[in-house]
Amino acid sequence: MTPTLRMFDVRKAREFYLEFLGFKVDFEHRFEPDLPLYMGISLGSVVLHLSEHHGGCAPGARIIIETTGLADYQAGLLTKRYGYARPGLERQPWGATIMTVTDPFFNWLVFSEDEVETPA
């Protein structure tokens, strides 16, 4: 399953997803040069699609991205001094640590790392 998130501004999407979060572009597609962009991006094994197409998806989605090494990733994001986000880590009562980042189009990306249990 690949989540598709709505975007409204390609420049802002690139700044957020590529420059800040560190995703890379896998493909870009437009039916014609002046029509909306549909773009596939990835970060490790995480694959997302971003769409400018009206009606393809709605802004305001919330996706959960299961990950490892969340504290290191978060520390790296903070060093970038991105002007629109300084995500923090939140310990959850169910044994996970999460970091929530909202993109410029009101989509929520929740990075989640489960607590590693040590054998007794």
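In this predicted model, the side chain of Gln74 reaches the backbone oxygen of Pro87 at a distance of 2.9 Å. Gln74 belongs to helix 2, and, because its relative accessible area is 12%, under the 20% limit, Gln74 counts as buried. When neighbours within four places in sequence are left aside, the residues in contact with Gln74 are Pro87, Gly88, Leu89 and Met99, so that Pro87 appears both in this list of contacts and as the residue whose backbone oxygen is reached by the Gln74 side chain.

A contrasting case is offered by Glu66, a residue of strand 5. Glu66 counts as exposed because its relative accessibility of 67% is over the 50% limit. Between the C-alpha atoms of Glu66 and Leu5, which lie 61 residues apart along the chain, the separation is 17 Å.

The largest nonpolar core of the model comprises 26 residues, and those having the most contacts inside this core are Met7, Tyr17, Phe20, Leu21, Leu48, Leu50 and Leu109. Two or more residues are contributed to this core by each of helix 1 (10-20), strand 3 (38-43), strand 4 (46-51), strand 5 (62-66), helix 2 (70-79), strand 7 (96-102) and strand 8 (108-114). Of these elements, helix 1 supplies the largest share, amounting to five residues. Leu21, one of the core residues with the most contacts, is in contact with Phe16, Leu43, Tyr73, Leu77, Lys80 and Leu109 once its neighbours within four places in sequence are left aside. Leu109 is thus found among the contacts of Leu21 and is likewise listed among the core residues with the most contacts.

Four of the strands form an open sheet, in which the order is 1-4-3-2 and the pairing is mixed. Strand 1 (4-6) and strand 2 (24-29) are the edge strands of this sheet, each of them pairing on one side only. On average, and with direction ignored, neighbouring strands of the sheet are turned by 25° against each other. Within the sheet, strand 3 and strand 4 run antiparallel and are joined by six bridges; Leu43 has Val46, in strand 4, as its bridge partner, and Leu43 is also one of the residues in contact with Leu21. Helix 1 lies across strand 1, strand 2, strand 3 and strand 4, and runs at about 145° to strand 2. The helix that gives the largest share of the core therefore also lies across the four strands named in the sheet order.

Conventions:
Residues are numbered from 1 along each chain as its sequence is written. This is a predicted model: local features need pLDDT of at least 70, side-chain atom pairs count only at pLDDT 80 or more; totals for chains, interfaces and linings use all residues. Side-chain values use heavy atoms; hydrogens and water are left out. A nonpolar core is a set of buried Ala, Val, Leu, Ile, Met, Phe, Trp, Tyr and Cys residues joined through side-chain atoms within 4.5 Å. Buried means under 20% relative accessible area, exposed over 50%, partly exposed in between (1.4 Å probe, protein chains only). Contact means heavy atoms within 4.5 Å. Two strands pair if DSSP finds at least two bridges between them. Axes are lines fitted to C-alpha atoms, for helices over the stretch in contact, and angles run from 0 to 180 degrees between N-to-C directions. A polar contact is a pair of N or O atoms within 3.5 Å; within protein, one must be able to donate a hydrogen and the other to accept it, and residues adjacent in sequence count only if both atoms are side-chain atoms.
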